[in-house]
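Student: I'm new to this structure and would like a close look at one part of it. Could you pick the strands and how they line up, and walk me through them slowly?

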Amino acid sequence: MVVSFELFSKVCTSWQRVLLTASILTYWLLPTTARVIIHSLPLQVVEGENVLLHVYNLPENLLGLAWYRGLLNLKLGIALYSLQYNVSVTGPEHSGRETLHRNGSLWIQNVTQEDTGYYTLRTISKNGKLESNTSMFLQVYSSTFICGHPFFPAKLTIESVPPSVAAGGSVLLRVHNLPEHLQSLFWYKGLIVFNKVEIARYRTAKNSSEPGHAHSGRETVYSNGSLLLQDVTWKDTGFYTLRTLNRYRKMKLAHIYLQVDTPLSLCCDTLDFAQLSIDPVPRYAVEGGSVLLQVHNLPEDLQTFSWYKGVHNTHGFKIAEYSIATKSIISGRAHSRREIGYTDGSLLLQDVTEKDSGLYTLIAIDSNVRVVRAHVQVNVHKLVTQPVVRVTDTTVRVQSSVVFTCFSDNTRISIRWLFNNQNLQLTERMTLSPSKCQLRIHTVRKEDAGEYQCEAFNPVSSKTSLPVSLAVMNE
């Protein structure tokens with residue numbers, strides 16, 4: 001609706017008088033029948049998502065209503081709505097993200113943790129009296145709170161896709177769990193971080209990448225942090241390091257070992273180069289299960305081999321060492337009594353937990369004191385439990401909005417939405433929150449009626465919620 005300047009001025013003047021009257025009234029003057037209730041939908045909201053402060057039992061015959069930040073300060077107005085003129089007016093605390101509806105509900109988009117606090121709704125009767133005064137506390141959680149479950153930020157990890165690559169092929173070093181408020185990221189060849197081995201960097205503010213000293217022209221960095229290597233050669237075998245930096249200057253590091261499968265005659269003079277390899281069986285393990293780190297191509301004249309947790313071959317990270325001469329296995333400091341070593345070099349990890357995820361290193365030494373090493377990535381996940389879907393209203397009118405929220409007790413999961421047992425096809429009228437836990441349909445149509453579900457999944461399991469039905473009525 002287009003509001004003329006004269007009407008706008010009239011509304012504002014009327015409200016100045018009404019609010020002045022309301023401000024001098026005390027709570028004991030409120031009618032005993034007035035019992036306005038406010039619920040946050042969803043009950044738990046994450047920064048970056050949307051929340052509806054849904055109002056129930058709104059009194060009848062109202063002149064208007066107003067929302068405020070805080071409990072008592074009337075100068076902290078967000079917005080007021082004149083039911084007489086069917087128009088809303090914003091206040092000094094309006095950030096441009098709030099929408100006040102005629103039914104009193106307040107819609108806040110893209111919330112931040114700064115939105116945490118008390119919110120107060122005041123309603124004014126047609127005779128200018130304060131009809132009701134209701135407050136509620138809104139808690140906005142950090143984005144490390146996903147689908148109703150708070151958890152520590154997931155560890156920055158890198159996955160090689162495919163796990164190994166033949167010479168001449170391409171491989172994607174896919175990044176998982178980039179940190180919040182990312183400012184920039186850097187890729188390096190090797191384990192040490194310095195300029196000479198920098199492949200490329202990416203800056204989020206510019207949404208652009210820049211090549212480094214070690215860039216060969218075959219590497220591409222993506223905005224999600226992943227690094228694509230094309231036309232790989234045996235020289236690309238080795239460690240790669242990702243360094244991230246957020247706007248608070250907090251740094252995180254992650255490493256991955258890339259194996260390039262190359263015919264011996266094409267690679268180098270070292271006979272056993274790139275021959276020692278390890279396969280995790282299974283590649284993605286369930287917490288409580290076992291993982292076999294299966295070794296291939298140990299040197300024929302092997303004298304000893306050692307297993308380490310991580311990439312550093314120091315005593316503090318040694319799991320076990322096997323000696324051919326004594327035919328004995330000696331446990332190291334990192335041995336947890338859940339590991340079993342075999343004479344073929346393989347290592348069995350039992351009763352694994354998510355903390356067992358990460359890189360493992362095998363070092364083998366032959367009779368000529370030649371050192372051969374290999375690395376393997378272990379991935380352990382918990383089984384997913386069934387999520388729950390909640391909706392702001394199961395019956396809505398055409399052109400209104402509705403919000404679905406998926407709640408899960410699990411961490412390190414992904415979310416997808418289903419409509420009538422099929423993957424939901426997003427339209428321009430639909431938006432997903434950053435964590436995909438919240439689905440909003442902005443302007444509902446008749447074809448949106450049906451059953452909605454969310455599926456929580458990780459690499460080892462998935463669970464789908466019970467359906468929630470949405471009915472759509474004509475205006």
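**Strands, loops and a pocket**

Tutor: Let's start with an open sheet built from five strands, in the order S6-S5-S4-S9-S10, with antiparallel pairing. Its edge strands are S6 (87-90) and S10 (130-138), and each of these pairs on one side only. On average, neighbouring strands here are turned by 15 degrees against each other, direction ignored. Keep in mind that this is a predicted model.

Zoom in on one edge of that sheet. Strand S5 (residues 77-82) pairs with S6 in the antiparallel sense, over four bridges. If you want a spot to click on, take Ala-79: its bridge partner in S6 is Thr-90. Now follow the chain into the loop between S5 and S6, where you'll find Asn-86. The phi of Asn-86 is near 55 degrees, a positive value in a residue other than glycine. As a rule, most residues other than glycine have a negative phi. Is Asn-86 buried or exposed? Somewhere in between: its relative accessible area is 36%, so Asn-86 counts as partly exposed.

Next, move along to strand S32. Residues 358-366 make up this strand, and eight of its nine residues are buried, so to speak "mostly covered". S32 has a partner in strand S27 (residues 302-309), joined to it by seven bridges and running antiparallel. Another partner is strand S33 (residues 371-381), which is joined to S32 by eight bridges, again antiparallel. Tyr-360 is a handy marker for both pairings. Lys-309 has Tyr-360 as its bridge partner in S32, and Tyr-360 in turn has Val-376 as its bridge partner in S33. In general, strands of a sheet pair through backbone hydrogen bonds, either parallel or antiparallel.

The ends of S32 are worth a look too. S32 and S33 form a hairpin with four residues between the strands, and there Val-369 takes a positive phi near 60 degrees. Before S32 comes the loop that follows strand S31 (347-349), and Asp-351 is found in that loop. Asp-351 is not a glycine either, yet its phi is positive, about 45 degrees. With a relative accessibility of 46%, Asp-351 counts as partly exposed.

For a buried residue, try Ile-256, found in strand S23 (residues 251-261). Its relative accessible area is 4%, and buried means under 20%, so Ile-256 qualifies. The C-alpha atoms of Ile-256 and Tyr-240 are separated by 5.4 Å, although the two residues are 16 apart along the chain.

Two loops hold another backbone feature. A cis peptide bond, with omega about 0 degrees, joins Val-161 and Pro-162. Pro-162 sits in the loop between strand S14 (157-161) and strand S15 (164-166). There is also a cis peptide bond between Val-281 and Pro-282, with omega about 0 degrees. Look for Pro-282 in the loop between strand S24 (277-281) and strand S25 (284-286). For background, most peptide bonds are trans.

Now for an open sheet of four strands, with the order S34-S36-S40-S39 and antiparallel pairing. Here the edges are S34 (388-391) and S39 (430-432), each of which pairs on one side only. Neighbouring strands of this four-stranded sheet are turned by 15 degrees against each other on average, direction ignored. At one edge, S39 is joined to strand S40 (residues 438-441) by three bridges, and the two run antiparallel. Within that pair, Thr-431 stands opposite Arg-440 in S40.

Finally, let's finish with the second largest pocket, which holds about 400 Å³ of space. It is lined by 17 residues, and the closest to its centre are Asn-103, Asp-393, Val-396, Ser-400 and Ser-401. Which strands supply at least two residues of the lining? Those are S3 (51-56), S35 (395-397) and S36 (402-407). S35 gives the most, with three residues. Sorted by class, the lining has five nonpolar, eight polar and four charged residues. Where does the pocket lie with respect to the domains? Domain 1 (37-141) and domain 4 (388-473) both give residues to the lining, so the pocket lies between them.

Note on methods:
Residues are numbered from 1 along each chain as its sequence is written. This is a predicted model: local features need pLDDT of at least 70, side-chain atom pairs count only at pLDDT 80 or more; totals for chains, interfaces and linings use all residues. Side-chain values use heavy atoms; hydrogens and water are left out. On a 1 Å grid over the protein atoms alone, a cavity is a set of points where a 1.4 Å probe fits but cannot get out, and a pocket is an open set with protein on both sides within 12 Å along at least five of seven lines; lining residues have an atom within 4 Å of a point. Grid points are joined across faces, edges and corners, and a volume is the space filled by probe spheres set on the points. Ala, Val, Leu, Ile, Met, Phe, Trp, Tyr, Cys and Pro count as nonpolar, Asp, Glu, Lys and Arg as charged, and the others, Gly among them, as polar. Domain bounds come from an automatic or database domain assignment. Two strands pair if DSSP finds at least two bridges between them. Axes are lines fitted to C-alpha atoms, for helices over the stretch in contact, and angles run from 0 to 180 degrees between N-to-C directions. Buried means under 20% relative accessible area, exposed over 50%, partly exposed in between (1.4 Å probe, protein chains only).
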